[in-house]
Every structure is written in C-alpha cells, then in structure tokens.
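Got the viewer open and a selection box ready? Let's take a walk through this one, stop by stop.

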Amino acid sequence: MTGSGQTGLKAKHQRLVLMVIALVAIIGAGLLAAYALRNEVNYFYLPNQMAANPPEVGQAVRLGGMVQEGSLETLQDGITVAFVVTDQENAVVNVRYSGILPDLFVEGSGVVADGRLGADGVFVADELLAKHDENYVPRELQELEQHKAAETLAATESY
C-alpha cells in the first residue's frame with residue numbers, strides 16, 4: 001500500500017510547525033536587532049544623577065538641565081564654550097562644547113547635551129540641543145502671531 005497519498009503531517013500539524021518556525025524567526029530577529037543597537041543607547045542624566053552616580057569615563061550619555069546664569073564663557077580658540085548645567089536640586093556639571101551653538105542657546109534656558117564625561121570630570125558635549133517652552137514663537141513669526149492674536153480678539157469681542 002505504498003503511494004496511498006499520505007504526506008507525513010496532517011494540515012493542522014503543518015500549520016503548527018509553520019507558526020513555531022515563524023515565532024522563532026521573529027524572536028531571533030528581535031534579539032539580533034537588540035544586540036546590534038546595544039551600543040547606540042544613550043542614558044539620560046540630570047545633573048544631580050550625574051553627581052550621585054556618574055557614568056563611566058567615555059561612555060556616551062545625554063545630560064539635561066538648565067544653563068546656569070553667568071556661567072557661559074567662550075574659550076580662547078573662539079569656538080569652544082564652557083558652561084555649567086544645573087537642575088532644581090542645585091547640582092552642577094561643567095560642560096565644554098566645540099562647535100556652532102544653537103540659536104536658542106542662552107543662559108537660563110534648557111539644554112540637552114549628547115557627549116561623554118571626561119577623566120577630569122568635565123562633560124564634553126558632541127551635540128547641543130536648546131530647549132524652549134511651549135510658548136516659543138520664532139522671531140520671524142512673532143509679528144504674524146501678534147497680528148493673529150489681535151484679529152482673534154477683535155472677532156471674539158464682536159459676539
């Protein structure tokens with residue numbers, strides 16, 4: 001009775017085997033992606049967290065806080081700036097950055113710096129991101145926004 005048409009596995013078992021293979025493939029792809037991205041993770045630190053538990057020297061991290069008033073200083077090369085980042089708990093981290101400063105970067109404003117902690121304890125930033133509040137309007141649009149606000153006020157007063 002050879003050739004009676006039996007394929008070895010019933011259709012139900014074939015679907016189960018295919019689902020198991022697909023599940024293993026998805027888990028494998030996820031683990032491979034996580035392994036590939038393990039060095040791309042930047043941990044976010046506030047100044048008080050960096051003071052209490054500093055990262056390893058040279059480890060890529062992200063520092064966030066406020067630029068302390070009166071701390072911004074341009075060094076002699078004209079490109080490098082040094083400043084202090086602080087937080088609500090008055091912890092401070094000295095930062096050094098070489099490059100073009102963002103337009104919104106001023107003392108007293110929020111900043112996020114990507115970089116590494118140096119052996120001397122100074123945070124060396126590779127990139128600066130200046131933060132602003134939700135009421136920010138670019139200089140180019142300030143007149144337009146004031147005009148719209150006046151129109152909106154006039155329209156609501158006519159009711």
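Two rings of Phe, Tyr or Trp count as an aromatic pair if their centres lie within 6.5 Å, and planes over 60 degrees apart make the pair edge-to-face. Keep that in mind for the second stop, and remember that you're looking at a predicted model.

**Stop 1: the whole chain.** Colour by secondary structure. The protein chain has three helices and seven strands, and from the N terminus on the order reads α-β-α-β-β-β-β-β-β-α. Switch to colouring by accessibility: of the 159 residues, 24% are buried. If you like contact maps, take the contacts between residues at least 6 apart in sequence; 45% of them join residues at least 24 apart.

**Stop 2: the aromatic pair.** How many aromatic pairs does a search of the whole structure find? One. Select phenylalanine 83 and phenylalanine 105: their rings sit edge-to-face, 5.0 Å centre to centre with 65° between the planes. Phenylalanine 83 belongs to strand β4 (residues 80-86), while phenylalanine 105 is in the loop between β5 (92-98) and β6 (110-117), so the pair ties together parts that are 22 residues apart in sequence. Both phenylalanine 83 and phenylalanine 105 are buried.

**Stop 3: the nonpolar core.** Stay on Phe83, since it also turns up here. The largest nonpolar core has 19 residues, and Met50, Phe83, Val95, Phe123 and Leu128 have the most contacts inside it. Two or more residues each come from β2, β4, β5, β6 and β7 (123-131), with β7 giving the largest share, four residues. Now centre on methionine 50 and show its surroundings. Leaving aside neighbours within four places in sequence, methionine 50 is in contact with Tyr45, Pro55, Val61, Leu63, Val93, Leu117 and Phe123.

**Stop 4: threonine 86.** Go back to strand β4 and pick threonine 86. Is threonine 86 buried or exposed? The relative accessible area is 12%, and buried means under 20%, so threonine 86 is buried. Not counting residues up to four places away in sequence, threonine 86 touches Pro47, Gly65, Met66, Gln68, Ala91 and Val92. Try a distance label too: the C-alpha atoms of threonine 86 and valine 67 are 6.4 Å apart, although 19 residues separate them along the chain.

**Stop 5: the loop between β4 and β5.** Select glutamate 89, which lies in this loop. Glutamate 89 is exposed, with a relative accessible area of 59%. Draw a line from glutamate 89 to proline 47: C-alpha to C-alpha it spans 8.5 Å, for residues 42 apart in sequence. Asparagine 90 is in this loop as well, and it is exposed at 64% relative accessible area. Check the backbone of asparagine 90: phi is near 65°, a positive value in a residue other than glycine.

**Stop 6: the largest pocket.** Keep Glu89 selected and add Phe44, Leu46, Asn48, Gly64, Gly65, Met66, Asp87, Gln88, Gly110 and Lys131; together with Glu89 these line the largest pocket. Its volume is about 210 Å³. Which strand gives the most to this lining? Strand β2 (residues 60-67) does, with three residues. Colour the lining by class and you get three nonpolar, five polar and three charged residues. Gly65 and Met66, which you met as contacts of threonine 86, are part of this lining too.

Conventions:
Residues numbered from 1 in each chain as written. Predicted model: local features only at pLDDT ≥ 70, side-chain atom pairs only at ≥ 80, totals over all residues. Heavy atoms only, no water. 1 Å grid on protein atoms, 1.4 Å probe; cavity = no way out; pocket = protein on both sides within 12 Å on 5 of 7 lines; lining within 4 Å. Points joined across faces, edges and corners; volume = space filled by probe spheres on them. Nonpolar A, V, L, I, M, F, W, Y, C, P; charged D, E, K, R; others polar. Phe/Tyr/Trp six-rings, centres within 6.5 Å; stacked < 30°, edge-to-face > 60°. Buried < 20%, exposed > 50% of the residue type's maximum accessible area, 1.4 Å probe, protein only. Core = buried A, V, L, I, M, F, W, Y, C linked by side-chain atoms within 4.5 Å. Contact = heavy atoms within 4.5 Å.
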